[in-house]
Structure formats: C-alpha cells, structure tokens
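Here's a walk through a multi-chain model, from its interfaces down to single residue pairs. Have the coordinates open as you read.

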Amino acid sequence: MSSMNDDSWAPWRARLAGQRGHRYWRALEDLAADASFREHVASTMPAWSQVASMDRRGFLKLLGASLAMAGLTGCGRPPEDSIVPWLRMPEGQPDADAIFYATTLCMAGEAVGVLVQTHQGRPTKIEGNPQHPASAGATGPQLQAAILDLWDPDRSMTPRRLGDIGTWDAFAADVGQWRSRFASHGAGLRILSGSIRSPTLQAQRKAWLQRFPGAKWHVHEAIDDRQALAGAQQAFGRPYRCRYRLEKADVVLSLEADLLDGGPAHLAYAWGFAQRRDPERGTMNRLYVVEGTPSATGTMADHRWAISSARIGDVLVEVAVALGMKGLPTLTPSGLSHARIAALARDLQAHRGRGLVVVGACQPPHVHALAHLVNAWLDNAGKTVVYISIDDALPGLAELCRDARAGQVETLFILQANPVYDAPADLDVSASFAKIRHTVHYGLYRDETAHICEWHLPASHPLECWSDAQSCDGSRSIAQPLIAPLYDTRSPHELLALLLGDIEQRGQAIVRNQWKALDDTAWIAALRAGVLPEMESDEPDLPVPADEVLRSWPLRQGQATELVLLWRPDPFLHDGTYANNGWLQECPRPLTQLTWGNAALVSPALAARRGLNTGDLVTLKVRGRALTLPVWVMPGQAESDITVHLGYGRTLAGRVGSEVGASAYILRTQDALWMAAGLELVRADGHVDLASTQSHDRMEGSESVRSSSLTALLAGAAMESAPTPPSLYEATQSGDYAWGMTIDLNACIGCKGCTVACQAENNIPVVGADEVRRGHAMHWIRVDRYYAGSPDAPETVHQPVPCMHCEHAPCELVCPVGATVHDSDGLNVQVYNRCVGTRFCSNNCPYKVRRFNFLQYADLTTESLKGQRNPDVTVRNRGVMEKCTYCIQRIEKAHIQADRENRAIADGEVVTACQAACPTRAIQFGNLKDSGSKVRRTRMSQRHYTLLAELNTRPRTTYLARVRNRHPDLGEDA
Amino acid sequence: MTGFALALLFTGLFVAGIVHLLSTGIGIWGNNIPVAWAFDIANYVWWIAIGMAGTFISAALHLARQPWRAPLNRYAETMTVFAVSISGLFPIFHLGRPWFFYWLAPYPNRMDLWPQWRSSLLWDFFAIVAYLIVSLLYWYVGLLPDMATLRDRASRRWQQVFYGLLAMGWRGEVRHWQRHETLSLLLAGLAVPLVFSVHSMVALDFSEGLLPGWHSALFPPFFVAGALFSGFAMVLVLIIPLRRWYRLDAYIRLIHLDHLAKMMLAAGLVIDYSYAMELFDDWYGQDPYAIAGAMAKFHGPYAWVYWITMACNVVAIQPLWFERVRNTPWALWAVGILVLLGMWFERFLLIVNSLFHDFLPSSAGLFYPTLWDLVFLFGSIGLFFLLLMTFVRVLPLLSMVELRKLAHRLTRRSA
Amino acid sequence: MSGLERYGVMAIFDSPESLRAAIRAVSDAGCRNVEAYTPFAVEELDESLPFPRSRLPCVMLIAGAAAMLGMLALQYYSAVVDYPVHVGGRPLASWPAFLPAAFEVGLLAAAVAGVIGMFVGNGLPRLHHPVFDVEAFARVSQDRFALLVRDRRPVDEIAACLVGCGAESIIEVHP
C-alpha cells in the first residue's frame with residue numbers, strides 16, 4: 001500500500017483531484033479503463049492488478065461502492081451474530097413481512113431506544129421504543145432520518161492513507177509499530193472523541209489509559225452542556241446534570257431552555273409536558289418562557305417574553321428578588337415589566353414543590369447556579385428537578401491543541417469527531433494538528449477532518465454494529481446491529497480493541513463481555529426489550545447549593561443598546577453532523593420554514609431600523625471575524641439579538657451537504673460559544689432567494705387555526721364555528737371502518753417529526769433547494785406556522801396539515817380518469833399508475849395537500865438508496881400526483897392480520913407514520929365508526945373543529961384547538 | 001417571405017419545446033403547487049376562443065342569411081380549424097404524462113377502467129374532439145366545389161391529381177347541389193349549438209372547481225362572449241393585412257370590416273358587463289375568499305395583469321363606437337391586437353389569481369414563468385401563421401362558389 | 001352510330017336562364033332522363049327539375065339521437081353497473097354530469113352521418129365520369145351551365161330543341 005503514495009501516482013491523483021461524490025466514482029472508472037493505469041498498477045502493486053483489470057462493477061465492488069455488494073450481499077444477509085427481534089413481535093409472520101428489532105441510537109447528544117423495521121434484512125424505518133424512557137415511543141426528525149445515513153452513498157467505504165485506498169491490515173501494521181514505539185508510557189499518544197455515551201467505550205477508555213498511562217483521552221462536542229455543568233460546579237461544588245419532571249410541574253419558567261425541541265432529553269420532556277396540556281383531562285400547567293430568540297418551547301408558552309439573551313440572568317435575579325431571596329445583586333432593570341415579574345413570582349411561590357425553573361444550556365454558568373438556588377428555595381429540588389451526579393469532565397479540544405502546538409502530541413486518533421469543521425475558530429485546529437506526526441481519523445464520512453489526517457478509517461453505522469449506551473436519565477440499553485456492515489467498516493469498540501492490540505475480537509464479544517453480569521436469558525431479554533432493567537435504584541442525592549455565586553455575580557458587559565450574536569444548534573443538522581442527510585436539509589425548520597440553508601435571524605424592529613428585508617445579505621462582524629449571510633426577519637426575536645444556526649457551510653460533507661449555507665463556526669471563539677456582545681451588523685450588497693416553504697405567516701382573517709383561553713374553554717366556549725352544512729347527496733360510504741384523524745394543536749410543538757417520518761415511510765423524494773424555491777416541495781404532511789399579534793411578541797401556532805380525506809372530496813370530482821377515488825373505508829386514495837397528471841385535483845384541493853412530480857424526483861439511479869425504500873409503497877415517477885394516504889399500507893397490513901385471525905381491527909392497531917413519530921401524541925388516528933376509539937373521543941372534545949368546514953368537504957382529518965393558560969392577573973400585559 | 005421564415009423559426013422553437021417537455025417533464029414550466037395551471041391552460045383557452053369567430057361567421061351568419069359574409073367565411077373557417085387544432089395540443093401537453101392523454105376516452109381496456117364522467121375536463125375533451133372534427137368537415141364540405149374548379153382549371157398534372165382527389169369527382173349536378181345545400185345548412189345548424197357548448201365546457205373546466213373566482217355560474221356565457229370577442233379580433237388582425245397584400249379590397253370591403261368591428265364591440269360590451277358582474281357577485285355573495293380574490297385583482301401581485309386586461313378589453317374598444325374608426329383599417333388592426341393581448345392576459349389572470357392564494361394562507365405561492373412557458377406561447381403562434389400562410393398558397397382564400405352565388409343573386413336583383 | 005354506345009347528349013349554356021329554358025324545352029319534347037350541371041347552386045332550377053325531398057335531415061337526426069342515447073347508456077353502464085366507484089360523495093348515476101359528453105357526441109355523430117350521407121347520396125367519390133371527357137365541361141365548374149339529355153332519340157332531334165334555347169355547343173357524350 002505504501003507504494004501508493006510515491007510520485008509515480010501523481011498523474012492519476014491529479015486526474016482525480018477535485019472530484020467528489022458521484023463524479024469521483026466515474027473518474028475512478030475512467031482510470032480503471034485506462035490501459036496505462038492498469039500496467040502501472042500491475043507494476044507497483046501486483047495484488048491490485050486484477051482489480052484494475054476488472055470491469056466497472058468489479059472495481060466498484062472492491063471499493064465497496066456498489067449495491068452488488070451493499071445491497072445484494074449486505075441487505076440479503078442478516079449479521080452473522082445472532083440478533084433478537086423485538087419483544088412484542090406478532091408471531092408467525094411470513095418472511096416477506098417487516099420484522100422489528102430493538103436497538104439504541106445516539107443522536108444529538110442523547111441515546112434513544114428505537115425499534116428498527118427491516119424488510120428482508122434491510123433496515124427501512126425507525127420507530128421509537130415505548131419501553132425506553134428517552135423515547136417513550138416517539139422519535140422526531142433526526143432519529144427518523146438516521147436510516148438515510150445508513151444507506152447514504154457518500155459514506156466512507158474503505159480505509160484510506162493519504163487519500164489513497166488502504167486496508168485495515170495495513171492500518172493494523174502501522175498501529176503495531178506505534179504501539180511498540182510507545183512501549184508502556186504512551187506520552188504523546190492522544191485520542192479525541194465525541195462525548196462518550198457507551199459504557200463499553202468508557203471501559204475501553206479506562207483500559208486504554210491503563211495500558212498507556214502517559215496518554216490522554218480528550219472529548220470534543222461542538223454543542224454540549226458544559227456551561228450548565230459549570231453552573232452546577234459553582235452551586236454544588238461538583239458537576240451534576242439536571243433531570244426535570246415536567247409531568248409533575250404546574251408552573252414552569254424556562255429561561256432560554258428549549259426543553260421540548262432542543263437538548264438531549266427533549267423527547268421525554270415533550271411527552272411529560274404534553275401530558276399536562278389537555279384541559280379536558282387533568283389540570284393544565286402554565287409555561288413561562290423568557291428568551292432572546294424564538295424556540296419551539298417558546299411557541300408553546302402561555303407567556304412568552306422576548307428579552308435579550310444577555311439579560312436573561314437579570315430576569316432571574318429579579319424573579320429571585322420578587323421571591324424574597326436575600327443577598328442578591330442589584331442591577332439595572334432587565335426590561336421585563338414589574339407586573340410580569342410579580343405575577344411570575346406569585347405563581348412560582350403558589351406552586352412550591354410543583355414549580356420549576358429551567359435555564360438553557362446556552363446561558364452562562366452563574367445563571368445556572370442561581371437557578372439551582374431558586375429551585376432549592378422554592379423546594380422544587382428533588383421533586384420537579386432531580387440531580388444526577390456525573391464524572392468530572394475529560395480534557396477538551398483546547399488542551400489538545402495547546403499540547404499539539406507545544407509539540408507534545410505525536411500520534412492522535414480522532415474518533416467520530418470533526419474538529420476541523422466545528423471547533424471554535426480561535427483554536428485553529430488544522431494548524432495545530434499539522435504539528436502532529438501521525439493523525440488517524442475514524443468516522444462515518446471522509447469529512448473535513450479526515451482530509452487533513454494521515455489515515456482515514458470508515459466507521460460502521462450504529463445500525464451496523466454492537467454497542468451499548470446510557471441515556472441522560474441514566475437508563476442503559478444495548479445496541480444490536482440490524483445488518484452486517486455494508487462496507488469494510490469497524491465499530492468503535494472494534495477499533496479500540498485494535499488499538500489495544502486485539503485484532504481478533506469482534507463487536508458482539510466486546511459488548512457481551514462488558515455485560516457479563518447478565519446471564520444469557522437476561523441478555524436476550526435486554527435485547528428484546530431494547531432497554532436494561534435498572535440495576536440498583538440509587539436514591540438520587542439532593543445536593544445543597546451554596547450561594548457564593550451571588551457574591552461573584554458578574555456585572556453585565558456592554559450597554560443595552562449593543563447588538564448580541566447568538567449561536568444555536570440547527571434543529572435538524574445539530575452541529576453539522578447530519579448535514580449530508582437530504583431529508584433533514586429539506587425539512588422546513590420549525591420556526592422559519594427555511595430549507596437548505598441558514599440565515600441571520602433579525603428582529604422585525606431592528607430590520608425596520610436598518611431597512612433590511614428577508615434575504616438581504618448582511619455581514620456580521622464580531623471580534624475581527626466576519627461572516628456574510630442572508631437575513632431572516634424573525635418575529636419574536638429580541639430586538640438586540642441576532643441568531644445564527646450552526647451546522648451549515650460544510651465543505652466536505654458529501655454531495656448533499658457540502659456548500660449549503662454559511663458556517664457560523666467561523667465567528668465562534670472559546671470564550672464566546674453561545675453569545676457574543678459587541679456585534680457589528682453591516683449591510684452587504686446582494687439578495688438571496690431563501691428556500692422557504694411558507695410565504696404567508698399570518699392567518700389573514702381565516703380561521704384555519706383556532707385558539708382560546710383556558711378560562712373561556714372552562715366557560716364552555718365551543719370551537720366549532722358552524723355545524724356541517726347539509727348535503728344533496730346521501731352518504732355513500734359503506735365499509736366496516738371509517739378512518740379518521742384528529743390533530744391536537746395544543747400538543748403540537750412543530751418539531752416536524754411527522755414530516756420526516758412520513759418521508760421515510762412513504763418513499764417521498766428529496767427535490768433540492770431550487771425545486772423547493774419553485775414551489776415543488778413534496779412533503780405529504782406539512783406543518784404550517786402562523787403568527788398572531790404584534791411581530792415583536794407574536795403568538796405562534798403550528799398546524800400539521802396532511803390530506804383531509806374529505807368525504808365529499810373536491811379532488812375526486814374533477815379527475816377525468818378516476819385516478820383519485822374513495823374506497824369503502826372512506827379513504828381518499830390516489831391511483832398513481834392511472835394518473836395522467838392534469839393537476840386539476842390539486843387546484844381544486846382547498847387545503848393544497850397534493851404534491852406533483854413535476855420532474856423525475858425519485859432517484860432511480862443511486863443503488864444504495866434503494867435499500868432504504870419501503871417495499872410496501874410505490875416509488876412515484878414523473879408526471880403523477882401524490883399525497884398523504886393515511887399510510888394505507890399499514891392499514892392494509894392490519895386488515896390482513898385481522899382477517900387472518902378473523903376479527904375486527906382493534907383500536908390503536910393501525911398507527912400512521914406521523915402519529916408514531918410524534919413526541920407529544922398530538923395525532924390520533926382510528927376508526928370513527930368504533931364508538932370506543934380514541935379518535936372518536938377526541939372528536940367529542942369541546943376543542944374539536946373542522947378546517948374550512950364551510951366548504952362542506954366533510955374532512956376526516958380534524959383539529960383540536962389551541963388553548964392558552966394565561967395568568968389571570970396578566971390581562972393586557974400577557 | 002420573411003414572415004414565412006419567421007413563422008417557420010417559431011414553429012421550430014415550438015417543436016424543440018415539445019421535445020424538451022416530453023423528455024424532461026412539465027417541471028420545465030413555472031407551474032407549481034398551488035399554481036398548477038398557468039400558461040399551458042391560458043394558451044389553450046385563448047386559442048380555442050379564437051376559433052369561435054370562424055364558426056360563428058360561417059355558420060350563424062349563414063343561418064341568419066347574411067349574404068355579406070360570403071367573402072369572409074372560407075378564411076374564417078380556416079382560421080377556426082387551425083386555431084382549434086393548436087388549442088387541442090395544449091390540453092395534451094399540459095398533462096404530467098402526455099402520452100396517456102387517450103385515457104380520457106372510453107375504450108375497452110384490459111384493466112376494465114372507464115373515464116370519470118363527472119369531471120369537466122372529460123366533458124371538455126369530448127367538446128374539443130367534436131368541435132375539431134365538425135369544423136373540419138364543415139370546412140371541407142364547403143371546399144369541395146372549389147376543389148372541382150381548381151381541378152378543372154389546373155394546368156400541371158400534379159395539380160390535377162391533387163385537386164382531383166380532393167374534389168372527389170364533384171361535377172356540379174343539380175341533384176348534388178341540392179344535397180350539398182341541405183347539408184351545409186344542417187351543419188351550420190349543428191355548428192352553432194356546438195360552438196356555444198364548447199365554450200361553455202371550457203368555462204366549466206374552471207367553474208366546476210370550488211376556488212374563489214372560478215366557482216361561478218356566470219362563466220359559460222362569459223366565456224362564449226369572450227370567445228367571440230377575441231375571435232373577431234383575430235379575424236380583423238389577419239384580414240386587414242391579407243386584403244392589402246392579396247388586393248382583395250374588391251371582395252372584402254370596408255363594410256365587412258365595419259360589420260366585424262361592430263360585432264367585436266358588441267361582444268366586448270358583454271365581456272365588460274361580465275367583469276362588472278363578477279365583482280358584483282363577489283360583493284353580493286359576501287364570501288370572504290371571493291372578496292379577497294377580487295381585492296387581489298386590484299392590488300395583488302398580479303394587479304398589473306388585471307389593469308392591462310381592463311385597458312385592452314374595456315377602454316381600447318370604445319373608439320369602435322365611431323364609424324370613422326371602424327372604417328380605418330389600421331385603427332381596427334391596432335384595436336384587434338390590443339384585444340387579443342387583453343384576452344390572453346384575462347385568461348392568465350383568471351387562472352393564476354384564483355390559484356396563487358385560495359383558502360389557507362399557508363398554501364399561498366406565486367407563479368413565475370420560465371423561458372419555456374414563452375416558447376410554448378409564441379411557438380404556437382408561429383405554427384398558426386405557418387399553417388395559415390401555407391393554406392393561402394394552395395387553397396382559395398375566398399369561397400368561389402359563394403361568390404358566384406352572390407354575384408348571380410346580385411345580377412338577378414338588378415335585372 | 002346507334003344510341004346504344006351513346007351516354008347522352010350534352011349542351012353547354014352561358015346562363016342559368018337559358019339552361020332553365022332548355023330544360024323546359026326538352027321535357028316538353030318528352031325527354032325524361034335529363035341532368036343539369038351548374039357551377040353553383042341555382043335555386044331556380046329546383047322546381048324545373050323536381051326531385052324527391054332529401055332524406056339527409058332525418059338520417060342526421062337519427063344518428064345524432066342514437067349516439068346521444070348510446071353515450072348516456074354507456075356512461076350509466078360504466079359508472080353504475082360495470083365499475084362503480086365512489087367519487088366525491090356523488091351518487092353513482094350522476095345524470096346531470098352525464099349530459100355534456102352525450103350532447104357533444106350526439107352533435108358529432110349527426111354531423112359525420114350528414115357528410116357521409118351527402119357523399120353516398122351523390123354517389124361520390126367517383127373520380128371518373130363520362131361527362132369529364134367533354135372538353136367544354138371543364139368550364140361548368142366555373143361559369144358555364146350544362147344539360148345532359150339521356151334519350152334514345154337521334155341526336156339531331158334533341159339538338160334541334162336545344163339550339164333553340166341558345167346552346168353554345170352540343171356534344172355527344174360517350175360512355
């Protein structure tokens with residue numbers, strides 16, 4: 001292999017230079033065809049000569065690129081290790097049917113138990129694991145999209161040394177040399193990894209450090225809760241991680257904490273929150289949110305107050321003062337009216353032990369510390385918030401770079417981290433890493449970091465390898481592979497074993513060994529359930545906060561008027577890890593409805609003052625660093641705050657994610673990770689047409705979204721404006737079932753989990769930024785976002801809109817070929833192969849839920865992507881109309897199952913993809929003819945209403961109105 | 001000659017556009033969701049409307065025994081045939097899968113499937129087919145005796161064969177003439193209700209929908225009037241240069257232009273009335289969506305289209321009240337052009353203004369035409385002129401038989 | 001020559017009036033089998049050459065009505081009997097919606113039947129006919145009027161009464 005990097009290869013390397021993704025492969029094929037190349041290969045690497053003489057397929061196969069390997073051998077073959085299906089599998093299914101396996105996925109800093117659906121050994125869809133506390137059955141966009149990463153054609157498929165194809169053996173050989181050189185001390189030997197969630201990896205880390213005492217293991221996450229931990233450190237003297245019990249909290253004050261849709265445990269929190277939002281069942285909680293930039297949590301708040309992120313701490317101080325706490329610093333008013341502070345304090349006071357104060361991870365430590373004091377003062381600690389003690393933090397990237405520049409690092413292994421892209425700009429990672437003799441990158445993609453490293457090693461996808469994980473709440477679960485590695489990849493555990501000189505051991509053995517405490521039955525049970533029974537239930541300790549933070553309370557830097565720059569993780573791409581996922585890139589961001597790119601969120605007031613419109617280019621200057629990107633005028637943004645989202649501007653993400661948006665890391669520095677004062681905003685010339693899916697944000701007098709106050713609701717106000725108008729025609733619907741859906745706007749947090757779940761389930765294509773701009777997006781269920789009230793402090797509501805399955809469907813009437821008709825269960829079905837594409841149905845759909853294949857959007861060429869497709873759903877071609885089918889394939893499965901056992905389909909037996917994904921159970925689906933069904937009950941609700949009822953389309957999809965639980969004392973000042 | 005070359009060029013563009021469309025999909029146009037129809041259907045309605053005047057002149061005026069129409073009808077019918085043929089292309093090419101357009105026809109097939117009879121698109125499909133075939137027959141039946149004349153006059157062999165075949169051995173027996181007369185009278189009798197129904201169907205393509213601005217009982221008469229309006233405009237726009245180039249002033253005299261202008265004015269006034277009624281309905285119905293749509297006409301993103309339409313279809317025709325204008329060819333020609341422009345924009349507005357913002361604010365979205373949209377519009381115009389010019393070269397622009405009859409009648413009257 | 005290998009005797013006139021006079025003359029002379037050719041439909045000839053009323057109208061009426069009813073029947077059969085599907089909550093037999101297609105098809109059928117009827121009735125297409133052999137007949141499609149007498153009498157006899165009416169020329173037409 002080493003012969004592959006002598007100069008004789010230069011000409012061919014030159015020909016490959018700058019070739020990426022698809023074109024890259026083609027270029028390789030050309031090379032393979034090139035006679036001179038062949039004889040060169042023959043001369044330099046006899047072993048490889050037959051490779052080059054192979055035909056395209058053979059060549060690609062050896063590169064592990066084509067599905068000839070990935071699909072046919074990979075898909076067909078279950079992993080050699082015995083893996084165990086999910087506990088609740090219906091027995092005796094034919095092989096053709098889907099089988100579910102329970103496993104664990106680590107996404108965006110949290111380990112979530114999931115159920116993965118496989119068809120003939122191909123993982124095709126991810127669902128939440130109801131038994132796993134971090135999921136409680138729900139998933140959300142990122143988990144839904146994880147399946148696409150598995151099949152991503154841009155995944156790294158083979159080891160590489162200096163860019164040339166290498167082998168694991170060659171790497172093992174190198175490692176051998178290094179190990180012998182490091183003998184025992186191991187000074188200069190370093191590992192950089194992402195945060196470690198796997199107990200096995202934890203153990204391997206300890207073993208590795210024992211083997212090499214002089215070595216160091218660094219951890220780097222671009223997005224973490226280190227400030228929260230520092231806050232705990234201040235308050236308790238040692239790091240604790242907070243765990244909130246939203247289902248127990250009557251009054252919640254969130255200070256920039258995006259509990260519901262950001263941060264690791266958000267799925268669990270969202271469910272806990274939703275349980276307290278149904279006024280007809282149990283008392284409703286009250287949520288106060290004070291934040292600088294709008295968040296999903298903010299949109300769900302009963303009171304949302306926009307205050308510059310820099311002054312959130314002051315608000316907390318004022319609240320604490322109002323609560324009667326002593327020894328607090330005196331500050332200039334935060335800008336929040338006295339009435340509000342007072343009401344808030346009264347509310348918290350009145351619900352001692354049932355209230356909760358939460359501070360967002362982006363806030364500085366001292367705010368967190370004060371929050372701990374307040375929660376203790378209010379006696380919430382141990383009730384609505386519990387503290388989980390954690391180990392001290394490992395050395396970070398900063399130390400590593402320092403040592404590297406000091407020449408103390410000789411060999412570095414980078415495990416599933418991408419510091420070259422996502423490290424703070426002032427660390428200048430590439431420069432410092434350049435000083436390291438041997439650098440090894442191990443990851444799913446050949447990303448930015450991989451390209452500056454000597455070695456790149458391809459990682460197995462989590463769905464391809466054995467592992468285990470511990471979630472934020474402490475619950476532990478095993479991860480089992482769903483499919484043998486598609487390419488020549490290793491799991492992190494196997495890699496660590498290799499580093500420790502153990503080349504033989506395979507993933508399963510390593511993980512099993514970690515859990516040898518479990519006997520085989522317990523082990524099998526754990527695999528089936530997808531979560532381990534809690535070993536020893538240790539009482540969560542109740543640390544007592546010290547209040548010296550109050551004495552060392554930092555005075556706010558900067559004047560009130562100066563601009564503040566906020567960094568936020570992208571709701572979908574997180575820190576950029578998932579940038580090459582087309583589903584996530586194209587999924588409209590919950591609050592902006594933006595796809596394929598980021599923007600600087602600017603408050604309407606500021607935009608007006610500076611004469612800026614959405615799409616205008618601006619340059620953000622902070623501490624001598626500058627970044628130019630388009631403006632997005634964001635209602636509800638604090639006037640002085642400007643928000644940019646991380647995760648964009650990747651340069652080597654792959655054919656999907658590269659060169660999308662602008663990288664906000666360019667402005668980020670170690671001392672200002674989340675907030676930087678003294679921002680300069682300069683208008684740059686130029687305008688960008690941002691690819692947003694919704695142009696009209698206001699209800700414009702239409703009653704598409706209805707909302708009410710809790711008091712009005714209790715007074716008996718009904719939401720349905722008018723009874724269904726009479727019809728000339730008698731009902732024709734004859735079947736045993738009448739499928740219907742209700743969507744609870746009081747629960748929907750707008751996370752878009754349903755949209756991506758639908759995309760995964762129904763083979764919905766990705767169309768790309770330009771087509772989105774041209775109004776050709778294909779999502780079957782969209783989540784509309786409306787604002788009411790003033791742009792500075794708007795009320796925001798989310799409204800998922802799937803097909804309404806109207807009983808008097810206007811689309812059916814106008815189709816000349818009967819391509820959309822009604823079935824006996826009242827479904828409005830679309831017959832793809834009958835559709836000629838007149839598009840009259842879409843014109844005549846008052847809800848505009850139909851999507852048209854204006855061009856050939858479904859990717860029929862990329863082999864690996866075919867592995868993900870749901871075999872139960874047609875892949876639509878150009879020229880046909882498509883739309884939500886209520887997941888008819890799932891209904892039919894249930895039908896068949898029920899018929900087999902000759903019984904009726906039970907309530908809850910059919911779960912649509914959107915319903916399954918929803919973290920807050922906002923979507924109910926079932927049989928309207930069954931008086932006992934959940935969906936029928938929701939239809940009885942006082943909050944129930946029909947969208948555009950006046951058109952007499954008689955939709956089967958209906959809504960439950962939004963309810964806000966305002967503080968009675970805050971009338972106009974809400 | 002240059003005109004011919006130009007027409008040929010645009011036809012070439014049209015063909016290129018069709019090839020690109022078939023190979024790529026209608027995504028090459030600006031159509032989107034919510035505006036799933038735009039130029040494609042606007043062009044269709046515009047062309048088929050132009051056809052109306054031809055049938056009206058040759059059939060309705062024939063029934064009404066208006067002898068003065070004699071010099072006009074051949075050319076008017078021809079215009080109809082070409083316009084209708086071209087308009088028929090658009091419903092086919094606007095489909096997502098044009099190669100399956102025949103699925104609208106009821107024919108025995110393996111899947112045992114039938115069309116969906118309740119759709120106005122289906123009604124329209126039958127209407128277009130019937131209209132096209134009937135106007136072709138009517139045109140040819142009228143052409144038959146002239147073919148005989150050309151055959152007998154022909155000096156070159158190929159002409160004799162060519163016209164001979166087309167004439168089908170017509171020899172002017174009195175008995176034949178009687179049948180011929182009866183038939184053309186009956187065909188005229190059929191063509192009139194047909195053409196009215198056709199344009200009503202076109203109207204139903206929209207008013208069967210529930211969209212604000214489409215769902216209106218006013219549409220069928222509105223569309224019929226609109227069709228006459230643009231039809232007469234096209235007749236004028238074409239005949240004025242033709243009578244100049246081919247020195248037909250003797251046959252097509254100012255009186256004809258005057259009549260045509262009067263009828264264009266009349267149709268125009270009906271249209272203007274319809275505009276007023278549309279607004280009145282919106283106001284009287286008090287449907288918030290309809291009112292929003294009406295407001296959008298005045299100052300929505302497509303308001304400029306509305307105002308152009310008003311300028312062309314309301315203001316520009318008013319001079320026709322004056323005889324001096326009606327007897328000034330170039331003025332009539334200018335008005336005709338404006339009307340044609342106005343009618344195209346009217347159709348465009350009618351489609352897009354209702355679609356871009358219907359019921360839910362969230363689904364609002366604008367339409368931006370692409371280059372290919374323009375190619376299809378101007379390409380079809382090119383094709384139309386190409387056909388017309390070829391026709392003028394090989395077939396009699398005026399109906400000789402009709403003129404003979406007219407002359408005979410006049411001599412007898414003078415005698 | 002004998003009348004057997006003669007198709008008829010043709011006279012060419014320059015005006016419909018003289019043609020009309022000639023027709024009267026020959027019919028007075030007792031010739032029955034006469035045929036007139038004109039470049040356009042001359043109403044005046046209708047009474048002088050009486051023919052049975054054309055059946056064209058009722059052919060067209062029947063064809064049209066049949067097609068219209070047939071179309072309605074087809075729609076009913078396909079939508080109600082053969083392949084019933086629920087569409088937009090409308091009844092299977094949506095009569096009002098069935099009318100437009102039936103109407104259009106009816107008109108179409110009537111028109112087609114009429115045209116076919118005209119050709120069949122006129123014995124067209126017939127690309128060759130004895131009269132085409134006559135040189136002067138070429139102008140009958142333009143500005144001349146011809147009368148063909150098919151009668152066994154000798155030519156001179158017929159010619160005599162034709163000349164009287166101002167025939168430009170008199171030709172024997174051979175089959």
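## Where chain B meets chain A

Two salt bridges turn up across the interface of chain B and chain A, a salt bridge being a side-chain nitrogen of Lys or Arg within 4 Å of a carboxyl oxygen of Asp or Glu. One pair to look up is Arg839(A) with Asp40(B), whose closest N and O atoms are 2.9 Å apart. The interface also holds 33 residue pairs in polar contact, both residues at pLDDT 80 or more. A polar contact here is a pair of N or O atoms within 3.5 Å; within protein, one must be able to donate a hydrogen and the other to accept it, and residues adjacent in sequence count only if both atoms are side-chain atoms.

On the chain B side, helix H1 (2-24) and helix H4 (120-153) each supply at least two residues, and H1(B) gives the largest share, four residues. Sorted by class, that side has 28 nonpolar, 17 polar and six charged residues; Ala, Val, Leu, Ile, Met, Phe, Trp, Tyr, Cys and Pro count as nonpolar, Asp, Glu, Lys and Arg as charged, and the others, Gly among them, as polar. Helices (H or I, at least four residues) and strands (E, at least two) are DSSP runs, numbered from the N terminus. In total, 51 residues from chain B and 51 residues from chain A take part in the contact, with contact meaning heavy atoms within 4.5 Å. The two chains bury about 4,000 Å² between them, 58% of it on carbon and sulfur atoms. That buried area is the accessible area (1.4 Å probe) that two parts lose on being put together, summed over both.

## Ground rules

This is a predicted model: local features need pLDDT of at least 70, and side-chain atom pairs count only at pLDDT 80 or more, while totals for chains, interfaces and linings use all residues. Residues are numbered from 1 along each chain as its sequence is written, chains are lettered from A and ligands numbered from 1 in the order in which they are written, and side-chain values use heavy atoms, with hydrogens and water left out.

## Where chain A meets chain C

Chain A puts eleven residues into its contact with chain C, which answers with seven residues. About 910 Å² is buried between chain A and chain C, and carbon and sulfur atoms give 62% of that. The salt bridge count between chain A and chain C is zero, but three residue pairs are in polar contact across the interface (both at pLDDT 80 or more). On the chain A side, helix H29 (810-814) and strand S31 (820-822) are the elements that give two or more residues. By class, that side has four nonpolar, four polar and three charged residues.

## Inside chain A

Chain A has 34 helices and 38 strands. Of its 974 residues, 64% count as buried, meaning under 20% relative accessible area, with exposed over 50% and partly exposed in between (1.4 Å probe, protein chains only).

Take strand S22 (residues 616-622) of chain A: six of its seven residues are buried, so the rest of the structure largely encloses it. S22(A) pairs antiparallel with strand S25 (residues 675-687) over five bridges, where pairing takes at least two DSSP bridges between strands. Lys621(A) has Glu680(A) as its bridge partner in S25(A). Six bridges join S22(A) to strand S23 (residues 625-633), also antiparallel, and Leu620(A) is matched there with Leu627(A). S22(A) and S23(A) make a hairpin with two residues between them, and Arg623(A) in the turn has a positive phi of about 50 degrees.

His303(A) sits in strand S11 (residues 303-306) and is buried at 0% relative accessibility. Its side chain reaches the backbone nitrogen of His967(A) at 2.7 Å.

## Salt bridges worth a click

Over all chains, the whole structure has 57 salt bridges. Arg890(A) and Glu127(A) form one, with the closest N and O atoms 2.7 Å apart. Arg890(A) lies in helix H32 (residues 888-900) and Glu127(A) in strand S3 (residues 122-128), so the pair ties together parts 763 residues apart in sequence. Arg890(A) is buried at 18%, and Glu127(A) is buried at 8%. Both belong to a salt bridge network with Lys125(A) and Glu761(A).

In chain B, Asp258(B) and Lys262(B) meet in a salt bridge (3.0 Å, N to O). Both lie in helix H8 (residues 254-285), four residues apart, about one turn of the helix. Asp258(B) is buried at 4% relative accessibility, whereas Lys262(B) is partly exposed at 40%.
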